[in-house]
Amino acid sequence: KWNIFRPTPDCSKQLSSPSMIRYSILLYKPSANILIKTINQTIIDVLTKRTYNQRREIAFAYERRAKKDMISALKGALSGSLETVILGLMKSTAQYDASEIKASIKGLGTDEESLIEILCSRSNAELKEIKKVYKELFKKDLEKDVAGDTSGDFAKLLLALAKRDEPSSIIDYQKIDEDARALYDAGVKRKGTDVKCWISIMSERSVPHLQKVFERYKSYSPYDMQESIRKEVKGDLEKSFLTLVQCFENKQLYFANRLQDAMKSKGAKEKVLTRIIVSRCEVDLKKIRQEFKAHHGKSLYQTIAEHTKGDYQRALLSLCGGDD
């Protein structure tokens, strides 16, 4: 049997409706591919058009009615890329990020790309929630797990970011020039790079403050901050610093560029594409769409449509929310 939800006629109201949308359960005994396709489409239609809190309520209602865990039912009904998307949507943003971090350091080898994207792009408040959820889910400290799977200056930078204090929007005007000069003196001006200085400034200052620091930096250095990073450091440390600076300057453009890179060639890097769409769909995906269209000359919707197919494509397009 396949357990899925279909909306009752009165649930076509806006997502912001104060009364929780009610659902009825249809039990199917599929006998052909067309029925499987119908089931997948119903799951996509219901779960990609709801908020996380609404999906939780649906899961609770399902369990009460079907006497069965909805996540288990979804795992039994779905497979492949569509399953990855739908199961990701059944987690909160913090739970999803925590699970992605755990997956990136689990087993042999480390997925540095995923670690960098998450730890270098999330705000202080988001990282604080991710650490809390990580502890609840895996009974371990995120910092200890990251430290055990990375090394050198790369590890020091990630740990400094993970330990950042409460979110702040303070701009210390007296320190803007001092910080800009310190970044220049620690990098381009000297032979070798004082990475410790760069880590300290970029992990301890607010985003508005650093935006002004990077502008002032240009008055000291012949290169902007991103160019300086490319000249001074390499490998995962370079990617981490670049991600930080790009997110400080324009986070939505950073994600737009990541999506473009994931869909440059025929097909798509599904892992990156899925992670960004699922993790940002309730955060800032509309702004990411705007940056994507402005900088890449084509809508994100059209680009996804060209590089994906089937139910996976339908789920991503539904989450994308519209063609700009």
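Q: Which class, nonpolar, polar or charged, has 13 residues in the lining of the largest pocket?
A: This is a predicted model. The lining of its largest pocket holds 10 nonpolar and 8 polar residues. The class that has 13 residues there is charged.

Q: Which helix gives the most residues to the lining of the largest pocket?
A: The largest pocket encloses about 670 Å³. Asn124, Arg164, Ser203, Glu204 and Arg205 are the closest to its centre among the 31 lining residues. Elements that give two or more residues to this lining are helix 6 (112-121), helix 9 (152-162), helix 11 (195-204), helix 12 and helix 14 (235-262). The one that gives the most, with 6 residues, is helix 11.

Q: What is the volume of the second largest pocket?
A: The second largest pocket is lined by 17 residues, and those closest to its centre are Thr48, Cys281, Ser318, Leu319 and Gly321. Helix 16 (285-296) and helix 18 (310-320) each supply at least two residues of that lining. By class, the lining divides into 6 nonpolar, 4 polar and 7 charged residues. The volume is about 360 Å³.

Q: How many residues apart are Arg216 and Asp177?
A: Arg216 and Asp177 form a salt bridge, with the closest N and O atoms 3.2 Å apart. The pair links distant parts of the chain, as Arg216 is in helix 12 (residues 207-217) and Asp177 is in helix 10 (residues 173-186). Their separation along the chain is 39 residues.

Q: Is Arg216 buried, partly exposed or exposed?
A: The relative accessible area of Arg216 is 35%. Buried requires a value under 20% and exposed a value over 50%, so a residue in between is partly exposed. Arg216 is therefore partly exposed.

Q: Why does Lys144 count as exposed?
A: Lys144 forms a salt bridge with Asp141, the closest N and O atoms being 3.8 Å apart. Asp141 counts as partly exposed because its relative accessibility is 28%. The cut-off for exposed is over 50%. Lys144 counts as exposed because its relative accessibility is 61%.

Q: Which residue meets Lys135 in a salt bridge?
A: Lys135 is partly exposed, at 40% relative accessibility. Its side chain takes part in a salt bridge with an N to O distance of 3.2 Å. The partner is Asp141.

Q: How many salt bridges does a search of the whole structure find?
A: A pair counts when a side-chain nitrogen of Lys or Arg is within 4 Å of a carboxyl oxygen of Asp or Glu. Among the pairs is Lys135 with Asp141. The search of the whole structure finds 23.

Conventions:
Residues numbered from 1 in each chain as written. Predicted model: local features only at pLDDT ≥ 70, side-chain atom pairs only at ≥ 80, totals over all residues. Heavy atoms only, no water. Buried < 20%, exposed > 50% of the residue type's maximum accessible area, 1.4 Å probe, protein only. Helix = DSSP H or I, 4+ residues; strand = E, 2+ residues; numbered from the N terminus. 1 Å grid on protein atoms, 1.4 Å probe; cavity = no way out; pocket = protein on both sides within 12 Å on 5 of 7 lines; lining within 4 Å. Points joined across faces, edges and corners; volume = space filled by probe spheres on them. Nonpolar A, V, L, I, M, F, W, Y, C, P; charged D, E, K, R; others polar.
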